[in-house]
Amino acid sequence: MTSDEFLDIYHRARDEGNAQLIIDALPYATFLGMRALEQDGELIFHLPPLESNIGNPTLPALHGGAVGGFMEMAAVTFLLMSIDHDKLPGGEPRVPKLVDISVDYIRACRYVDTWAACEVVRQGRKLANVAVKVWQQDRNTPTTTARSHYLLG
Amino acid sequence: MEKTPLEQFRAFFMEGDQRQRPGHFGRLGFRCQFIEIGRAGLDLPFSPELVGDPATGAVAGGPMTALLDSCCALAAATAREPISFCPTLDLRMDHMGLAEPGKTLHAEAEAYRVTQSVIFTRGIIFQEDRSRPIVHGLVNFTPIAFKIGGAPQGRDQEGEGE
């Protein structure tokens with residue numbers, strides 16, 4: 001896929017308010033099996049239980065890396081759907097690049113439906129700071145949280 | 001002669017077809033390069049499925065988090081007796097460069113301090129040049145043993161060289 005082809009998908013996703021178009025264009029997000037959905041006007045993300053994402057087959061629990069990857073892809077998609085491209089020097093976005101991520105594994109992610117919500121703490125001209133919260137049964141009992149930085153544009 | 005717990009642990013992760021391993025480990029195709037007491041090396045072969053940016057073909061951060069978390073987990077598991085896996089408390093990954101598409105990612109990790117309540121590990125990911133890592137990571141573990149898929153628990157501590 002060329003940058004122009006990706007930009008077409010980006011603009012279509014923004015125009016239609018359809019974040020799933022972006023996820024479908026990101027191979028690793030598709031690999032994880034994640035989906036985007038809107039809940040009470042908020043863009044959130046769903047990771048259905050997949051055998052290929054298990055880290056500990058005995059519990060069973062999801063792999064910390066798969067959960068970390070889910071959080072990163074959620075943040076990337078959330079940024080693309082909410083980015084203010086007028087702030088970017090080039091005016092056109094690219095897929096945000098992960099600069100650093102810090103993940104707290106508060107409790108094990110069981111082999112059940114998993115959800116993520118994002119908050120763009122700050123979008124600058126070059127970098128964005130995104131906080132991600134992951135939960136399973138109860139949104140008020142997060143299993144995993146992350147703070148992360150992305151290079152934009 | 002009977003294998004030591006470390007030799008059993010090493011054999012479990014280095015012999016046979018590791019792609020048959022259940023879950024994320026087998027699906028990503030991790031290949032273990034070495035396991036010593038408190039040290040490990042793990043490779044992640046390139047796959048187009050792991051690309052995070054379709055315009056550049058670069059692997060996403062997630063597979064690298066999974067790689068270094070797993071590599072550090074192997075280092076943490078062997079850093080104390082008996083050998084056993086423990087849950088990740090938290091991690092931090094710094095991405096200092098982009099992974100070149102099509103090339104294997106090599107991870108190396110060490111447990112640099114073991115206390116009663118935390119196992120501290122650190123590691124790097126590089127492609128061709130070990131002196132220029134593309135990721136540097138810190139992963140802390142809580143030393144509560146749990147068993148993974150029949151991995152040996154290493155009850156027998158005799159005959160351990162180190």
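**Close-up views of the chain A and chain B interface**

**View 1. Two salt bridges are counted between chain B and chain A.** This is a predicted model, so please read the close-ups with that in mind. In one salt bridge, Lys97(A) is joined to Asp53(B), and the closest N and O atoms lie 3.6 Å apart. On the chain B side, the elements that each supply at least two residues to the surface touching chain A are α2 (23-28), β3 (51-53), α3 (61-77) and β5 (88-95). Of these, β5(B) gives the largest share, with eight residues. Sorted by class, the side of chain B that touches chain A holds 16 nonpolar residues, ten polar ones and eight charged ones.

**View 2. Strand β5 of chain A pairs with β5(B) across the interface.** Here you can follow residues 97-105 of chain A as they run antiparallel to β5(B), with five bridges joining the two strands. To find your place along the pair, look for Asp100(A), whose bridge partner in β5(B) is Asp94(B).

**View 3. The whole contact brings together 34 residues from chain B and 36 residues from chain A.** Putting the two chains together buries an area of about 2800 Å². Carbon and sulfur atoms give 59% of that buried area. How many residue pairs are in polar contact across the interface of chain B and chain A? There are 13 such pairs, with both residues at pLDDT 80 or more.

Methods. Residues are numbered from 1 along each chain as its sequence is written. Chains are lettered from A and ligands numbered from 1 in the order in which they are written. This is a predicted model: local features need pLDDT of at least 70, side-chain atom pairs count only at pLDDT 80 or more; totals for chains, interfaces and linings use all residues. Side-chain values use heavy atoms; hydrogens and water are left out. Contact means heavy atoms within 4.5 Å. Buried area is the accessible area (1.4 Å probe) that two parts lose on being put together, summed over both. A salt bridge is a side-chain nitrogen of Lys or Arg within 4 Å of a carboxyl oxygen of Asp or Glu. A polar contact is a pair of N or O atoms within 3.5 Å; within protein, one must be able to donate a hydrogen and the other to accept it, and residues adjacent in sequence count only if both atoms are side-chain atoms. Helices (H or I, at least four residues) and strands (E, at least two) are DSSP runs, numbered from the N terminus. Ala, Val, Leu, Ile, Met, Phe, Trp, Tyr, Cys and Pro count as nonpolar, Asp, Glu, Lys and Arg as charged, and the others, Gly among them, as polar. Two strands pair if DSSP finds at least two bridges between them.
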